[in-house]
Amino acid sequence: MPGTAVSAARRFAGGAALLLRGVGLYVRSPGLMLLGVVPALISGVIFVAAYATLVFFVGDLAAAVTPFADDWPAVARSLVRVIAALAFLGLGGLLTVLTFTAVTLVIGDPFYEKISERVEERYGGAADAVEVPFWPSLRRSTADSIRLVALAALVGIPLFAAGFIPVVGQTVVPVIGASVGGWLLAVELVGAPFYRRGKRLPDRRAALRADRPTALGFGVAVFVCFLIPLGAVLLMPAAVAGATLLARRSLGQPITED
């Protein structure tokens, strides 16, 4: 059992390292990668404004969902509303990161497809690639993104409720949220290389599930970086590059250069 835990930890770290390798590819191909910043910047402006609005009104929202505390002593009332505010911000952060990724991938589909293709070419190409017309591919990726965001919302609701539990809501719940968000991000970001091979959302899930620690390591690393101000905008192209490596690895294809 200890050996299994160590192996899982190593694979988790290996998954996180794929994001670093994506950053390295980003640095070595700045012209192409900078194109990927444009759609991320457009989405970033929208979602930063949305999250800032949530932060501005979070006190009112916390008061609205805790009317039972209106007659409590001031200290107890303030404590429960701080917990409620943190729960709102946590749920908002989870949904913002995942929705940002989905929307950005749709807006920047041609750019991110090209980035993914270049990464594949660097490591031997995709011998099993199929011709996928642009509009059908865009419709499928949009539909899959909507399903993933809807799943995130369904998972986020119980996490939001658990956020009201003192201590647990501020320690365990964020870890679970990052794990769930990381997994969904990994599934979302590997879309391009899987579509290139004619594979759909169930295929992505099955392939990543076969080595869940690696997928989680990559996804959680991306999730945490995307929470950093401007992190999502600047690192989106690197995340797409790293996700292409993750997809190749999960499909048993080489991720080392000849």
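Helix axes here are lines fitted to C-alpha atoms over the stretch in contact, and the angle between two of them runs from 0 to 180 degrees between N-to-C directions. Keep that in mind for the first stop. The model is predicted.

**Stop 1: helices H2 and H3**

Select residues 74-107, helix H3, together with H2. H2 itself spans residues 30-64. The two helices pack with their axes 9 Å apart. The angle between them is about 160 degrees. Angles over 145 degrees count as roughly antiparallel, and H2 and H3 are therefore roughly antiparallel to each other. Now check the handedness. The crossing of H2 past H3 is right-handed.

**Stop 2: a nonpolar surface patch**

Keep H2 on screen and add a surface. Select Val-38, Ile-42, Ile-46 and Ile-107. Together they make a nonpolar surface patch of about 340 Å². Which helix gives the largest share of the patch? Helix H2 does, with 3 residues.

Zoom in on one member, Val-38, which sits in helix H2. How exposed is Val-38? Its relative accessible area is 45%. The partly exposed class lies between the 20% and 50% cut-offs, so Val-38 is partly exposed.

**Stop 3: Leu-230**

Move to the loop between helix H9 (212-227) and helix H10 (231-250). Select Leu-230 there. Look at the backbone. Most residues other than glycine have a negative phi. Leu-230 is not a glycine, yet its phi is positive, about 70 degrees. Now the side chain's surroundings: is Leu-230 buried or exposed? Its relative accessibility is 60%. The exposed class starts over 50%, so Leu-230 counts as exposed.

**Stop 4: Ser-145**

Go to helix H5, residues 134-162, and pick Ser-145. Ser-145 has 6% relative accessibility. Buried means under 20%, so Ser-145 counts as buried. Next, add Tyr-26 and draw a C-alpha to C-alpha distance. The pair is 24 Å apart in space. Along the sequence, Ser-145 and Tyr-26 are 119 residues apart.

**Stop 5: Gly-191**

Finish at helix H7, residues 191-196, which holds Gly-191. Is Gly-191 buried or exposed? With a relative accessible area of 4%, Gly-191 is buried. Now select Ala-243 as well. Along the chain, Gly-191 and Ala-243 are 52 residues apart. What separates their C-alpha atoms in space? The distance is 8.6 Å.

How values were computed:
Residues are numbered from 1 along each chain as its sequence is written. This is a predicted model: local features need pLDDT of at least 70, side-chain atom pairs count only at pLDDT 80 or more; totals for chains, interfaces and linings use all residues. Side-chain values use heavy atoms; hydrogens and water are left out. Patches are made of residues with over 30% relative accessible area and no salt bridge: like charges are joined within 9 Å, nonpolar side chains (Val, Leu, Ile, Met, Phe, Trp, Tyr) within 5 Å. Accessible areas come from the Shrake-Rupley method with a 1.4 Å probe; for residues, only the protein chains shown count as cover. A salt bridge is a side-chain nitrogen of Lys or Arg within 4 Å of a carboxyl oxygen of Asp or Glu. Helices (H or I, at least four residues) and strands (E, at least two) are DSSP runs, numbered from the N terminus. Buried means under 20% relative accessible area, exposed over 50%, partly exposed in between (1.4 Å probe, protein chains only). Angles under 35 degrees count as roughly parallel, over 145 as roughly antiparallel, 65 to 115 as roughly perpendicular and the rest as oblique. A crossing is left-handed if the near helix is turned anticlockwise from the far one by less than a right angle, and right-handed if clockwise.
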